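Q: Could you take one part of this structure and look at it closely? I would like to know what it touches, which spaces it borders, and how that compares with what is found elsewhere in the chain.

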Amino acid sequence: MSNVEWTKEQQDAIYEKGSNILVAAAAGSGKTAVLVERIIHKIIDEKIDIDKLLVVTFTNSAASEMRERVLDAIYKKIDENPENENLQRQITLLNKSSICTIDSFCLEIIRNNFYELEDISPNFRIAEQAEIELLKQEVLEDIFENKYEIEDEDFIKLIKTYTSYKDDTPLKELVLKIYSYIQSNPFPRQWLEDKIEMFNINENLLEEDFSKTFWGDILLKQVKEEVIDSILNLEKIEKRLSLEPELESSYQTIRKDIEQLENLKNNLNNWDKSYEIANNIKFVSWPNKKSTLEIKEQAKNVRDEIKKKMQKTFSKTFIYNSKEAIKDIKDMYNILSKLQKLILEFDNEFSRRKREKNIVDFSDIEHFALQILNRL
Ligand SMILES: Nc1ncnc2c1ncn2[C@@H]1O[C@H](COP(=O)(O)OP(=O)(O)OP(=O)(O)O)[C@@H](O)[C@H]1O
Ligand SMILES: [Mg+2]
């Protein structure tokens, strides 16, 4: 592709060095071309052998495409430069280069270093998806059965919270869903722990205003953004209405909306005050005095939209006062901790059975490879 004129953005993606880069662009816009050129640039200008690069894809076909296009690109360079021995050597090295799927890369790490892991013997097998799903169900059934039998208190609490009468499927589904979800994280257990600890409100804050907590703070910031935005938009129509003496009553209506929102905005550092003010904001009805002026109708539409948006935000945010909100988060933490315990139990048992059968699944492959890389 030596005759291609790369765009400025493509050049950035080709030559950027020493930092992580993310290239996101439309289908067919040249992402693979850029990546191939990046590799060629590393080989030729930075004198890095192709077998020292790791190029991973998600699918086998993408890996083959990549390999082929790199080979083509090297041949093109050789055409321009037939004497170049470095380029010729790269063709040989390409055979043992790591241009592959992420799964086959991880698998290779495990096969070459399995002795680093306690959880696996060298003759492990990758299980079929169906086998894995079945095993998960089996493990879950067994855990649930045992918990019913010993009348595990935490478990009964979870059943009461998440399931309906005589059907515990929703809790089973929840455990599996969260378990699967956290597997996409490098350190699933730690990640889950961190997220759940976010609900563990610090003792010192229990009697404080809800705005002092992580959750209260986030909620108020969100409301603030929306309120500021609404005020700005209302002020724009206020300005236009102020030029029309016959629309004085509409002007006053908007004025009143702004005043109320300003008052809320100035108190958004305190949850209970905001709760009080937001729940008492009244958007009075729009004056129905007839007018032929177009701006009146426009102003009404803008205002209606803002009114609807603000009312929706208030009704979903200011449900509880500080005391109730903090209690709600505390209750949630209590339940989530029990759920976390159940998920970890599932994880332990599921891992144990996989080990027993000497099988791994695709998420094991990634996590084992990461464990090894972290140790090396
Ligand atoms: N700056 C450019 N000038 C001319 N042709 C270009 C340029 N950038 C890319 N191309 C060409 O556009 C075509 C599509 O590029 P490429 O296959 O790299 O896109 P892609 O983003 O990887 O596509 P997909 O989303 O399908 O994977 C190729 O033929 C490539 O050579
Ligand atoms: Mg592509």
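A: The answer below follows one helix, α14, and then turns to other parts of the chain.

The model is predicted, so all that is said here describes a computed structure. Helix α14 covers residues 322-357. A good place to begin is the largest nonpolar core, which has 59 residues. Helix α14 gives the most to this core, with eleven residues. Within the core, Phe-314 and Phe-346 have the most contacts. As a general point, nonpolar side chains in soluble globular proteins tend to be buried together.

Phe-346 falls within the bounds of α14. What does Phe-346 touch, leaving out residues up to four places away in sequence? The list is Lys-136, Val-139, Leu-140, Ile-143, Val-175, Leu-176 and Tyr-179. The core that contains Phe-346 is not the only one in the chain, as a second, separate core of 17 residues includes Ile-40, Val-70, Ala-73 and Leu-93.

Lys-338 is another residue of helix α14. Is Lys-338 buried or exposed? Lys-338 counts as buried because its relative accessible area is 16%, and the cut-off for buried is under 20%. Beyond its neighbours up to four places away in sequence, Lys-338 touches Asp-154, Lys-157 and Leu-158. Glu-305 is 33 residues from Lys-338 along the chain, and the C-alpha atoms of the two are separated by 42 Å.

Lys-338 also takes part in the lining of a cavity. The structure holds three cavities of 30 Å³ or more, and the largest of them encloses about 50 Å³ of space. Its lining is made of Lys-147, Asp-152, Asp-154, Phe-155, Leu-158, Lys-338, Lys-341, Leu-342 and Glu-345. Two of these residues, Asp-154 and Leu-158, are also contacts of Lys-338. The largest share of the lining, four residues, comes from α14, while α7 (153-162) and α14 each supply at least two. By class, the lining of this cavity has three nonpolar residues, six charged ones and no polar ones.

The loop that leads into α7 from α6 (129-150) contains Glu-151. Glu-151 has a positive phi, near 50 degrees, although it is not a glycine. Its relative accessible area is 60%, so Glu-151 is exposed, the cut-off for that class being over 50%.

Helix α14 borders an open space too. The second largest pocket has a volume of about 560 Å³ and a lining of 25 residues. Nearest its centre lie Asp-119, Asp-347, Ser-351, Phe-368 and Gln-371. The elements that give two or more residues to this lining are α9 (188-197), α14, β4 (359-360) and α15 (362-375). Its residues divide into nine nonpolar, seven polar and nine charged.

For contrast, consider the largest pocket, with a volume of about 760 Å³. It is lined by 21 residues, and those closest to its centre are Leu-35, Val-55, Val-56, Thr-57 and Met-66. Two or more lining residues come from each of α2 (31-44), β1 (54-57) and α3 (60-80), with α2 giving the largest share, seven residues. The lining of the largest pocket has 14 nonpolar, three polar and four charged residues. In the loop between α2 and β1 sits Lys-47. Lys-47 is not a glycine but has a positive phi of about 55 degrees, and it counts as exposed because its relative accessibility is 61%.

Phe-314, named above for its contacts in the largest core, brings in one more residue. Val-223 lies in helix α10 (residues 214-241) and is buried, with a relative accessible area of 1%. Leaving aside neighbours within four places in sequence, Val-223 is in contact with Phe-314, as well as with Leu-268, Thr-313, Thr-317 and Phe-318. Val-223 and Thr-317 are 94 residues apart along the chain, yet their C-alpha atoms are separated by 8.1 Å.

The domain assignment places domain 1 at 8-96 and domain 2 at 210-319. The C-alpha centres of these two domains lie 55 Å apart.

To sum up, α14 gives eleven residues to the largest nonpolar core, four residues to the lining of the largest cavity, and two or more to the lining of the second largest pocket.

Technical notes: Residues numbered from 1 in each chain as written. Chains lettered and ligands numbered in written order. Predicted model: local features only at pLDDT ≥ 70, side-chain atom pairs only at ≥ 80, totals over all residues. Heavy atoms only, no water. Core = buried A, V, L, I, M, F, W, Y, C linked by side-chain atoms within 4.5 Å. Buried < 20%, exposed > 50% of the residue type's maximum accessible area, 1.4 Å probe, protein only. Contact = heavy atoms within 4.5 Å. Domains from an automatic or database assignment. 1 Å grid on protein atoms, 1.4 Å probe; cavity = no way out; pocket = protein on both sides within 12 Å on 5 of 7 lines; lining within 4 Å. Points joined across faces, edges and corners; volume = space filled by probe spheres on them. Nonpolar A, V, L, I, M, F, W, Y, C, P; charged D, E, K, R; others polar.
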